[in-house]
Amino acid sequence: MQYSKGELRRAQTLELIKSHGKISLQEIVQTVGCSEATARRDLDALEKAGEIIRTNGGAIYEGSLTSTVSELPFAAKRDFRRMDKERIAATAAALVKEGDIICLTGGTTTFFIAKALKKHRNITIVTNAVNIAYELADAEDIQVVVIGGVMRSKSYELCGPLAESVIDKINITKMFLGVDGVTQNFGFTMHSELEARIAQLTMERSSEVYAVFDQSKIEKSALFTIAPLTQVTGVITNKQPEGWFEQACREHQIAIHTTTDSIASI
């Protein structure tokens with residue numbers, strides 16, 4: 001079988017990204033010998049094929065999101081499956097009512113939930129994520145409560161004893177929990193022990209807890225367990241769960257909200 005020059009170039013680019021874990025546009029231009037515009041088009045095609053994750057100025061190999069690789073910074077993950085995250089955010093925002101006290105953990109999906117909630121009126125949003133608080137700074141009808149602490153640079157989350165001391169004084173109506181992985185044995189997991197601890201404490205103060213994640217998180221496990229599957233009110237994801245996950249939701253009466261349901265109701 002003969003391959004076109006474009007196919008061979010994209011294959012070479014993909015191998016570069018796999019071998020390095022991540023790569024910049026300039027590195028592709030210099031190594032592959034193409035223009036920056038061509039490199040961008042190749043990355044777009046590889047992303048559509050599900051091979052890579054586009055970042056600002058380059059790309060990351062999708063395999064680096066597995067639990068065997070260290071945590072990626074927020075900026076590197078934000079645009080991965082962005083459309084799915086925005087749809088999940090819209091589905092989550094539809095559950096919020098006037099007067100609610102909402103908790104948003106750090107994470108890319110919860111960041112898009114914050115953006116989706118900016119037009120809501122008379123709600124309070126509690127968060128330990130600096131970037132989420134900043135995103136909501138110009139939302140006139142939303143009261144923002146920031147849980148203080150020491151910031152983790154990769155996630156912009158504030159953690160530690162100071163944050164933990166504040167949580168005990170807060171009552172939350174609905175919590176949207178961002179996770180790094182979901183497995184049958186370990187439940188909902190995170191890369192950071194400090195963030196997992198904050199999430200656990202805010203869950204205890206919440207009337208309802210919804211885990212929010214796209215399907216790429218299924219069967220992936222980070223180092224620290226936040227909670228078993230049974231400790232959430234519901235899940236919000238981009239596709240109807242299947243297999244063991246669907247069965248677990250049914251057995252434990254965990255509500256399932258999908259973006260496909262939201263689209264069908266429009």
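In this predicted model, helix α5 spans residues 82-93. Its buried residues are D84, K85, I88, A89, T91, A92 and A93. The list takes in an aspartate and a lysine, D84 and K85. The helix has 12 residues. From its first C-alpha to its last it reaches 16 Å, close to the 16 Å expected at 1.5 Å a residue.

The protein chain as a whole contains 11 helices and 15 strands. Of its 266 residues, 50% are buried. Contacts were also sorted by sequence separation. Among those with a separation of 6 or more, 59% join residues 24 or more positions apart.

Helix α10 covers residues 243-251. W244, F245, E246, A248 and C249 are buried there. Their cover includes three strands: β10 (181-183), β14 (234-237) and β15 (255-258). Just after α10, the backbone at Q253 adopts a positive phi of about 55°.

Residue L229 makes contacts with this helix. L229 sits in the loop between β13 (224-227) and β14. Its relative accessible area is 10%, under the 20% cut-off, so L229 counts as buried. Beyond its neighbours within four places in sequence, L229 contacts W244, F245 and A248, among others. W244, F245 and A248 are themselves buried residues of α10. Further contacts of L229 are V182, T183, G187, F188 and I254. L229 also pairs in space with F186: 43 residues separate them along the chain, and 8.5 Å separates their C-alpha atoms.

Strand β11 (residues 187-190) holds T189. At 0% relative accessibility, T189 is buried. Leaving out residues up to four places away in sequence, T189 touches V179, D180 and G181 as one group. A second group of its contacts comprises K220, S221, A222, F224, T225 and I226. K220 lies 31 residues from T189 in sequence, yet the two C-alpha atoms are 8.7 Å apart.

A37 gives another spacing. This residue belongs to helix α3 (residues 36-48). With a relative accessible area of 42%, A37 is partly exposed, because that value falls between the 20% and 50% cut-offs. L25 is 12 residues away from A37 in sequence and 9.4 Å away in space, C-alpha to C-alpha.

Internal voids were examined next. Rolling a probe the size of a water molecule over the atoms shows where empty space is left. A search of the whole structure returned two cavities of 30 Å³ or more. The second largest has a volume of about 50 Å³. Its lining consists of C103, L104, T105, T127, N128, I147, E157, M190, E195, I198, A199 and T202. By residue class, six are nonpolar, four are polar and two are charged. Strand β4 (101-104) and helix α9 (193-204) each supply at least two residues of this lining. The largest share, four residues, comes from α9.

C103, one of the lining residues, is buried at 2% relative accessibility. C159 is likewise buried, at 2% relative accessibility. A disulfide is a covalent bond between the sulfur atoms of two cysteines. The structure holds zero disulfides.

Backbone angles were then considered. Most residues other than glycine have a negative phi, and most peptide bonds are trans. N122 is not a glycine, but its phi is positive, at about 55°. N122 occupies the loop between α6 (108-116) and β5 (123-127). Its relative accessible area of 47% lies between the 20% and 50% cut-offs, so N122 counts as partly exposed.

Y156 is not a glycine either, and has a positive phi of about 65°. This tyrosine is in the loop between β7 (150-152) and β8 (157-159). At 30% relative accessibility, Y156 counts as partly exposed. The strand that follows the loop, β8, spans residues 157-159. E157 lines the second largest cavity, and C159 is buried.

Conventions
Residues numbered from 1 in each chain as written. Predicted model: local features only at pLDDT ≥ 70, side-chain atom pairs only at ≥ 80, totals over all residues. Heavy atoms only, no water. Buried < 20%, exposed > 50% of the residue type's maximum accessible area, 1.4 Å probe, protein only. Contact = heavy atoms within 4.5 Å. Expected span 1.5 Å × (residues − 1). 1 Å grid on protein atoms, 1.4 Å probe; cavity = no way out; pocket = protein on both sides within 12 Å on 5 of 7 lines; lining within 4 Å. Points joined across faces, edges and corners; volume = space filled by probe spheres on them. Nonpolar A, V, L, I, M, F, W, Y, C, P; charged D, E, K, R; others polar. Disulfide = S-S within 2.5 Å.
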